[in-house]
Amino acid sequence: MSSCCLPLRWSLLFLLISFAGPPVNAEKANGTGNLRQQIPVQRQRGNCPAQVQLTTSWRWYEGGGEHLVIPETTATAGRARYIKGTAKTAEYQAPLKPTFASCVTEVRPSADLPYRLIWKDGRLTFRVELPADTPANPSRISQRAILGGRPYVRWQIAD
């Protein structure tokens, strides 16, 4: 698909998800899932947590998929606030709790989890970094919020 048609494709995908929802049989035919996973944290300096929990959810349907991520930041930090973002990124920060104020470390994104967590300078930074678009797989962040003091990001990818 040429780049001239991508905005139209995203607009149609957004309208489909927003108003019609996924196809009626999407859960059975194409798959959904939820996962709570503990990501190990490799301490570089200071008092750092041994792991951080990510709650992820996904829903695949014909033509693409939708992902959701909520990092459990409140275990080591206060209430998160949205800092900045683009169609491909979202960044949140929260002040570290006194117990973890000395922590310096980072959990880097991977191909499966495009999420970065940084404990440094008395702050916890959570950043979603979607990969560059390809003609066959454009992606974008569709929703950013704070849920119970934690970052909440929903993003979509088209097939």
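This note goes through the fold, disulfide, aromatic cluster, largest pocket and a few single residues of a predicted model.

1. Overall make-up. The model is a prediction, and the values below are computed from it. The protein chain has two helices and ten strands. Reading from the N terminus, the order is α-α-β-β-β-β-β-β-β-β-β-β. The two helices therefore precede the strands in that order. Of the 159 residues in the protein chain, 41% are buried.

2. The disulfide. There is one disulfide in the structure. Its partners are C48 and C103, with the sulfur atoms 2.1 Å apart. The torsion about the S-S bond is about 110°, so this disulfide is right-handed. C48 sits in the loop between strand 1 and strand 2. C103 sits in the loop between strand 5 and strand 6 (105–107). The bond therefore ties together parts that are 55 residues apart in sequence. Both C48 and C103 are buried.

3. Aromatic pairs: the count. Two numbers describe such a pair: the distance of the centres and the angle of the planes. The structure has three aromatic pairs. Ring pairs link four residues into a cluster: Y82, Y92, Y115 and F126. Two of the pairs are taken up in the next points.

4. Y82 with Y92. This pair is edge-to-face. The centres are 5.5 Å apart, and the planes make an angle of 70°. Y82 belongs to strand 4 (residues 81–85) and Y92 to strand 5 (residues 89–95). The two are ten residues apart, and the pair links distant parts of the chain. Are the two rings' residues buried or exposed? Y82 counts as partly exposed, because its relative accessibility is 36%. Y92 is buried, because its relative accessible area is 1%.

5. Y92 with F126. Y92 also pairs with F126, and this pair is tilted. Here the centre-to-centre distance is 6.4 Å and the angle between the planes is 35°. The centre distance falls within the 6.5 Å cut-off for a pair. The pair links Y92 in strand 5 to F126 in strand 8 (residues 123–129), 34 residues apart. F126 has a relative accessible area of 1%, so F126 is buried. Y92 is thus a member of both pairs described here.

6. Largest pocket: size and lining. What is the volume of the largest pocket? The volume is about 260 Å³. The lining consists of 16 residues. Nearest the centre lie H67, A111, D112, P114 and W155. By class, the lining holds eleven nonpolar, four polar and one charged residues.

7. Largest pocket: where the lining comes from. Four elements give two or more residues each to the lining. They are strand 1 (32–40), strand 2 (51–61), strand 3 (64–71) and strand 10 (150–158). Which of the strands gives the most? Strand 2 does, with four residues.

8. S139 and K88. S139 is part of strand 9 (residues 139–147). Its relative accessibility is 4%, so S139 counts as buried. The side chain of S139 makes a polar contact with the side chain of K88, at 2.7 Å. The cut-off for such a contact is 3.5 Å, so this pair falls within the limit.

9. I39 and L54. I39 lies in strand 1. With a relative accessibility of 15%, I39 counts as buried, because the limit is under 20%. I39 and L54 are 15 residues apart along the chain. Their C-alpha atoms are separated by 7.3 Å.

10. L96 and T73. L96 is placed in the loop between strand 5 and strand 6. L96 counts as buried, because its relative accessibility is 10%. What is the distance from L96 to T73, C-alpha to C-alpha? The two are 9.2 Å apart in space and 23 residues apart in sequence. C103 of the disulfide is also in the loop between strand 5 and strand 6.

Technical notes
Residues are numbered from 1 along each chain as its sequence is written. This is a predicted model: local features need pLDDT of at least 70, side-chain atom pairs count only at pLDDT 80 or more; totals for chains, interfaces and linings use all residues. Side-chain values use heavy atoms; hydrogens and water are left out. Buried means under 20% relative accessible area, exposed over 50%, partly exposed in between (1.4 Å probe, protein chains only). A polar contact is a pair of N or O atoms within 3.5 Å; within protein, one must be able to donate a hydrogen and the other to accept it, and residues adjacent in sequence count only if both atoms are side-chain atoms. On a 1 Å grid over the protein atoms alone, a cavity is a set of points where a 1.4 Å probe fits but cannot get out, and a pocket is an open set with protein on both sides within 12 Å along at least five of seven lines; lining residues have an atom within 4 Å of a point. Grid points are joined across faces, edges and corners, and a volume is the space filled by probe spheres set on the points. Ala, Val, Leu, Ile, Met, Phe, Trp, Tyr, Cys and Pro count as nonpolar, Asp, Glu, Lys and Arg as charged, and the others, Gly among them, as polar. Rings of Phe, Tyr and Trp (its six-membered ring) pair if their centres lie within 6.5 Å; planes under 30 degrees apart count as stacked, over 60 as edge-to-face and the rest as tilted. A disulfide is a pair of cysteine sulfur atoms within 2.5 Å.
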